[in-house]
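I set out to look up how the helices, the sheet and the charged side chains of this chain fit together. My entries follow in the order in which I made them.

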Amino acid sequence: MGETVGETVGENVLAAERFEEHRSHLRAVAYRMLGSLSEADDALQEAWLRVGRTDTSGVENLAGWLTTVVARVCLNLLRTRERQREESLDVHVDARVADAVVGPAGGRDPEEEAVLADSVGVALLVVLDTLGPAERLAFVLHDMFAVPFDEIGPMLERSPAAVRQLASRARRRVKGASPLPESDLARRYRVVDAFLAATRGGNFDALVALLHPDVVLHTDKAVIPTPEPVVVRGAHTVAKGAMAATGRAAFTGVALVDGTVGLAMAPRGRLSVVLVFAFTDGLITEIDVIAEPERLGRLEIAVLDN
């Protein structure tokens, strides 16, 4: 009896050590699958509980096997999330707007969450959030972690060919397209990226330098919120307003918005606010700040190659 207990304890310790060896990779997979650091850590906890009940001594490719376990947990969470969205869409959207105002929930360090979102790409997280669970799993595992389609197929109960189609469809959504010439797109990217950097850094003078003196900023009723849309005029006034959003800028990234360059704010990977810009002679002449769920739902967000 003593030997059996000792062996079990030893196996559990070994399993824990082997799991910890791959934690960084598994967390990266879970974060890209779920878009939320707190949910990713919860997924790893659930995966560890499953691993603890399994004999892994015969597993040759432990990293691949653990990736599969974590992916299955994340797939279940995504399917549950999708059902909840369908059952209570209004509540979910309200939560997104609240996140934009008060910051991400979940009890995790907001700075760590912001760094992770920035490293992965806010625009990518936004697009991934629009994909169905199967598409998201196929794209994340294959395109981001090079898992073969024939290994993904059993998780989704689909053929490798069907999984390949899912990943391809997701890839088209992620990349998007623009009618603008590459040179024009690149110029707009530089201005918008500088706008975001100045806002994050609280650099008022740099921000004013990017704005036309007569710039106009429009916000819809859900941004603040207010009974009526808000209109702000003038470079200094608009810049002061941007300075007030310095904290929220940490969860904002440059994105392709309806074929042009914009900014997308997405705490926990959920789109909450979008900024659309108009330009004249390299300066920002108009900013449209969008937070109303219906308007956000009509926007086509994609990743901008730069």
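**Entry 1: two helices in contact**

I began with the contact of α9 with α10, where Phe149, Asp150, Ile152, Gly153 and Leu156 in α9 meet Pro160, Val163, Arg164, Leu166 and Ala167 in α10. Sorted by class, this contact holds seven nonpolar, one polar and two charged residues. I note here that the model is a predicted one. For the geometry, I looked up helix α9 (residues 149-156) and helix α10 (residues 160-175), which pack at an angle of about 95° with their axes 8 Å apart. Since angles of 65 to 115 degrees count as roughly perpendicular, I therefore entered α9 and α10 as roughly perpendicular to each other.

**Entry 2: salt bridges**

How many salt bridges does the structure hold? I found 15 salt bridges listed for the structure, and I followed up several of them.

I took Arg27 and Glu112 to start with, a salt bridge in which the closest N and O atoms are 3.0 Å apart. Arg27 lies in helix α2 (residues 23-34) and Glu112 in helix α6 (residues 110-120), so this pair ties together parts that are 85 residues apart in sequence. Is either partner buried or exposed, I asked, and what are the values? Arg27 is partly exposed, with a relative accessible area of 23%, and Glu112 is also partly exposed, with a relative accessible area of 33%.

I then turned to Arg270 and Glu39, whose side chains meet in a salt bridge at 3.0 Å, N to O. Because Arg270 lies in the loop between β4 (260-265) and β5 (273-280), while Glu39 lies in helix α3 (residues 37-52), the pair ties together parts that are 231 residues apart in sequence. Here Arg270 is buried, with a relative accessible area of 8%, whereas Glu39 is partly exposed at 24%.

A pair within one helix came next: the side chains of Asp184 and Arg188 meet in a salt bridge at 3.5 Å, N to O. Both residues lie in helix α11 (residues 182-201), four residues apart, which is about one turn of the helix. Asp184 has 19% relative accessibility and counts as buried, the cut-off being under 20%. I also recorded that salt bridges with shared partners join Glu39, Arg81, Asp129 and Arg270 into one network.

**Entry 3: the sheet**

In what order do the strands of the open sheet run? I read the order of its seven strands as β2-β1-β6-β5-β4-β3-β7, with mixed pairing. The edge strands are β2 (230-233) and β7 (301-302), each of which pairs on one side only. Within the sheet, I looked at strand β3 (residues 252-257), which pairs with β4 in the antiparallel sense over six bridges, and I noted that Val257 stands opposite Thr260 in β4. Helix α13 (residues 235-243) packs on the sheet, where α13 touches β1 (211-219), β2 and β6 (283-290), and the direction of α13 makes about 50° with that of β1.

**Entry 4: an enclosed helix**

I closed with helix α7 (residues 122-130), in which eight of the nine residues are buried, so that α7 is largely enclosed by the rest of the structure. The buried residues in α7 are Val122, Ala123, Leu124, Leu125, Val126, Val127, Leu128 and Asp129. Asp129 links this entry to my second one, as Asp129 belongs to the salt-bridge network with Glu39, Arg81 and Arg270.

Methods: Residues numbered from 1 in each chain as written. Predicted model: local features only at pLDDT ≥ 70, side-chain atom pairs only at ≥ 80, totals over all residues. Heavy atoms only, no water. Axes fitted to C-alpha atoms, helices over the stretch in contact; angles between N-to-C directions. Parallel < 35°, antiparallel > 145°, perpendicular 65-115°, else oblique. Contact = heavy atoms within 4.5 Å. Nonpolar A, V, L, I, M, F, W, Y, C, P; charged D, E, K, R; others polar. Salt bridge = Lys/Arg side-chain N within 4 Å of Asp/Glu carboxyl O. Buried < 20%, exposed > 50% of the residue type's maximum accessible area, 1.4 Å probe, protein only. Pairing = 2+ DSSP bridges.
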